[in-house]
Amino acid sequence: MCLFDFSKCFDSIPHLLLSFRLINEGIHGRISKTILSMYSKLKSRDNGLTALFECITGTREDCMLSPFLFILYLNELVHMCNKTCPGLFLNESTRNVHVLLYDNDVAMVNDTIGRSQRQLNIMGEFCSKYSSCINMTKTHVIIFTNGGRLRTNEKWYINNGLLIETTYNKYLGVMFSSRLCWF
């Protein structure tokens, strides 16, 4: 499992790509027009000290739609994963799990070394293509070994950056352990 932290995730979404994602996800008509009009002539100022300037990236601060728009934006990552590598098989109704999304908490899961690295490569491609940046110091990999040991050559990379492996990590308030214990 790789737990990602995006740098300024809500601030980095280009409005042009957001409109593309709305159309791609089938959001049309009044809803699409309303969302796009919210961002068409968006202006901001730096802590109220500067003059207004036009914003072409980012979602509105404290807007209830911002997490939804970020997830909609990240849904392209799910599509990219579905095209290139199989995910986890949980049961007949849940056959292909790649990514767990909640607000800005993103976890990628898989059951083999090769597939996991392929997913990390896809995340790197997504970030390059869609102007996203991962905070490498807060992004962690946890390998569930049930007491087994990792090989010394098992390393995880994204865009040539080495990811930090950890034995414990928290996701959505639940502490996970590499030994498959819950806290």
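# Strand pairs and helix packing

Me: Which residue in E11 is the bridge partner of Tyr171?
Reply: In E11, Tyr171 has Val174 as its bridge partner. Note that the model is predicted.

Me: How do you know that strands E10 and E11 pair?
Reply: Pairing takes at least two bridges. Strand E10 (residues 168–171) and strand E11 (residues 174–177) share 4 bridges, in the antiparallel sense. The count reaches the cut-off, so the two strands pair.

Me: What lies between E10 and E11 in their hairpin?
Reply: The hairpin of E10 and E11 has 2 residues between its strands. Leu172 sits in the turn, with a positive phi of about 55°.

Me: In what order do the strands of the open sheet come?
Reply: The order is E4-E5-E1-E6-E9, 5 strands in all, with mixed pairing.

Me: What makes strand E4 and strand E9 edge strands?
Reply: Each pairs on one side only. Strand E4 covers 99–102, and strand E9 covers 164–165.

Me: How do you know that E4 and E5 pair?
Reply: At least two bridges are needed. E4 and E5 run antiparallel and are joined by 4 bridges, so the test is met. Leu100 has Ala107 in E5 as its bridge partner. Leu101 stands opposite Val106 in E5. E4 and E5 also form a hairpin with 2 residues between them, and Asp103 in the turn has a positive phi of about 55°.

Me: How many bridges join E1 to E5?
Reply: There are 3 bridges between strand E1 (residues 2–4) and strand E5 (residues 105–108), which run antiparallel. Cys2 stands opposite Met108 in E5.

Me: Which helix lies across E4 and E5?
Reply: Helix H3 (residues 66–84) does, at about 175° to E4.

Me: How do H1 and H3 pack?
Reply: Helix H1 (residues 15–24) and H3 have axes 10 Å apart, at an angle of about 70°. Angles of 65 to 115 degrees count as roughly perpendicular. About 70° falls in that range, so H1 is roughly perpendicular to H3. Their crossing is left-handed.

Me: Which residues in H1 and H3 meet?
Reply: From H1 come Leu17, Leu18, Arg21, Leu22 and Asn24. From H3 come Leu69, Leu72, Tyr73, Asn75, Glu76 and His79. By class, this contact of H1 with H3 has 6 nonpolar, 3 polar and 2 charged residues.

Me: How do the axes of H1 and H2 cross?
Reply: The axes of H1 and helix H2 (residues 29–40) cross at roughly 175° and come within 11 Å. Anything over 145 degrees counts as roughly antiparallel, so H1 is roughly antiparallel to H2. H1 contributes His15, Leu18, Ser19 and Leu22 to the contact, and H2 contributes Ser32, Ile35, Leu36 and Tyr39. The classes are 5 nonpolar and 3 polar, with no charged residues.

Me: Why is H3 called oblique to H4?
Reply: H3 and H4 pack at about 140°, with axes 10 Å apart. Roughly antiparallel needs an angle over 145, and roughly perpendicular stops at 115. About 140° meets neither, so H3 is oblique to H4. The crossing of H3 and H4 is right-handed.

Me: Which residues of H3 and H4 make the contact?
Reply: On H3 they are Tyr73, Leu74, Glu76, Leu77, Met80, Cys81 and Thr84. On H4 they are Arg118, Gln119, Ile122, Met123, Glu125 and Phe126. The contact of H3 with H4 has 8 nonpolar, 2 polar and 3 charged residues.

Me: How many aromatic pairs does a search of the whole structure find?
Reply: The search finds 5.

Me: Why is the pair of Tyr73 and Phe126 called edge-to-face?
Reply: Ring centres must lie within 6.5 Å, and planes over 60 degrees apart count as edge-to-face. The rings of Tyr73 and Phe126 have centres 6.0 Å apart and planes at 65°. Both values pass, so this pair is edge-to-face.

Me: Which parts does the pair of Tyr73 and Phe126 tie together?
Reply: Tyr73 lies in helix H3 and Phe126 in helix H4 (residues 113–129), so the pair ties together parts 53 residues apart in sequence.

Note on methods:
Residues are numbered from 1 along each chain as its sequence is written. This is a predicted model: local features need pLDDT of at least 70, side-chain atom pairs count only at pLDDT 80 or more; totals for chains, interfaces and linings use all residues. Side-chain values use heavy atoms; hydrogens and water are left out. Contact means heavy atoms within 4.5 Å. Axes are lines fitted to C-alpha atoms, for helices over the stretch in contact, and angles run from 0 to 180 degrees between N-to-C directions. Angles under 35 degrees count as roughly parallel, over 145 as roughly antiparallel, 65 to 115 as roughly perpendicular and the rest as oblique. A crossing is left-handed if the near helix is turned anticlockwise from the far one by less than a right angle, and right-handed if clockwise. Ala, Val, Leu, Ile, Met, Phe, Trp, Tyr, Cys and Pro count as nonpolar, Asp, Glu, Lys and Arg as charged, and the others, Gly among them, as polar. Rings of Phe, Tyr and Trp (its six-membered ring) pair if their centres lie within 6.5 Å; planes under 30 degrees apart count as stacked, over 60 as edge-to-face and the rest as tilted.
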